[in-house]
Amino acid sequence: MDFTGKVVFVTGSSRGIGAGLVRAFAARGGICVVNYVDDAAGRNHRDAEAVASEVGGAMTVECDVADHARVGEAMRAIVEQLGGIDILVNNAGILRDRSLKRMAPADFEDVVRVNLGGAFNTLQHATTLLRPGGRIINIASVAAFTGFFGQANYAASKAGLVALTKVAAREFARQGTTVNCVAPGFIDTEIIKDMPADVTEKFVEQIPCGRLGQVDDVTNAVLFLAFRESGYITGHVLHVNGGFYM
Ligand code: NAP
């Protein structure tokens, strides 16, 4: 797969799956933009710069995807600096797990604001900024389909993202742009490191492929949907979960 000359904007790409996506697109000729959010210790900025230099000096943009105006500024800066945007991957996501009984309303709102609102923000700006014939891939989750205990906020946000994908697929089709979801299962990144080992083991026992997913398992699915020849696939959810949910 060749993405030479394609400008690829991956949200939340300072680490994990997002950083893997930047490496995967860049290795195939893509001109990548690394996105991060500032933190007090400056760790995210350093991580983003490290990912950017690893792929030969990619552009980095600081921007909280939940901030509609900042997302617009960031996307316009990409267009000014790199000439346009061809591929958008809505990857930024957070977890704030708690049972319904204990979940603070702010934890519900924060997760929905980042995971679902963030994708709305980039999609809305993409309506005018994405070049025709583009590709949009939203990173949902198996949680949208199974609804795990303690994930009222996360599962709802990801289920909303699936619905948003279908609406966007219809609305972007006239520009020749496809909009799809990749729904990962349990992928070995920082986001699941807080899960107790026995819980992780129990999940692995239920995965027919017999292992956690790796970042490459997800990036390969995204590359496929972003590929020029995948232009007749839109509004689809591609499950990447080793058979855990089918
Ligand atoms: P991760 O290692 O925690 O990475 C999440 C990324 O999102 C980080 O780069 C983080 O950036 C960024 N981010 C968080 N809030 C943001 C915001 N408001 N604006 C911009 N960026 C923000 O998690 P991951 O496992 O790679 O997850 C990537 C995506 O896959 C998420 O949407 C997640 O829900 C989804 N997913 C993961 C799994 C899994 O098992 N790992 C399964 C299903 C779905 P900073 O470092 O700058 O904060």
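Which residue in S5 is the bridge partner of Leu-88? The tour returns to this pair after a view of the whole protein.

**Before selecting anything**

This is a predicted model, in which local features need pLDDT of at least 70 and side-chain atom pairs count only at pLDDT 80 or more, while totals for chains, interfaces and linings use all residues. Residues are numbered from 1 along each chain as its sequence is written, and side-chain values use heavy atoms, with hydrogens and water left out.

**The whole protein**

Display the protein as a cartoon. Its secondary structure comes to eight helices and seven strands; helices (H or I, at least four residues) and strands (E, at least two) are DSSP runs, numbered from the N terminus. The C-alpha trace spans about 50 × 40 × 35 Å along its principal axes. The radius of gyration is 17 Å, which agrees with the value near 18 Å for a compact globule of 246 residues; it is taken over C-alpha atoms, and the globule rule is 2.2 Å times the number of residues to the power 0.38.

Buried residues make up 48% of the 246 residues, where buried means under 20% relative accessible area, exposed over 50%, and partly exposed in between (1.4 Å probe, protein chains only). Among contacts with a separation of 6 or more, 75% come from residues 24 or more positions apart; contact means heavy atoms within 4.5 Å.

**First stop: strands S1 and S2**

Select residues 7-10, which form strand S1. Val-7 and Phe-9 point one way, Val-8 and Val-10 point the other way, and all are buried. In a regular strand the side chains alternate between the two faces of the sheet. Now add residues 31-36, strand S2, which runs parallel to S1 and is joined to it by four bridges; two strands pair if DSSP finds at least two bridges between them. Within S2, Val-33 is the bridge partner of Phe-9.

**Second stop: strands S4 and S5**

Select residues 85-90 for strand S4, which runs parallel to S5 and is joined to it by five bridges. The residue asked about at the start is Ile-136, the partner of Leu-88. Strand S5 covers residues 130-139, and seven of its 10 residues are buried, so it is largely enclosed by the rest of the structure.

**Third stop: Thr-178**

From Ile-136, move to Thr-178, which is 42 residues away in sequence but 6.1 Å away in space, C-alpha to C-alpha. Thr-178 lies in strand S6 and is buried, with a relative accessible area of 3%. Residues up to four places away in sequence aside, Thr-178 touches Gly-134, Arg-135, Ile-136, Leu-225, Ser-230, Gly-231, Ile-233 and Thr-234.

**Fourth stop: Thr-189**

Select Thr-189, in the loop between strand S6 (178-184) and helix H7 (197-205). Is this loop residue buried or exposed? Thr-189 is buried, with a relative accessible area of 10%. Its contacts, leaving aside neighbours within four places in sequence, are Gly-16, Ile-17 and Val-215.

**Last stop: Asn-153**

Finish in helix H6 (residues 152-172), where Asn-153 is found. Asn-153 is buried, with a relative accessible area of 0%. Not counting residues up to four places away in sequence, Asn-153 touches Arg-96, Met-103, Asp-107, Phe-108, Val-111 and Val-112. To draw a line across the model, select Ser-53 as well: Asn-153 and Ser-53 are 100 residues apart in sequence and 35 Å apart in space, C-alpha to C-alpha.
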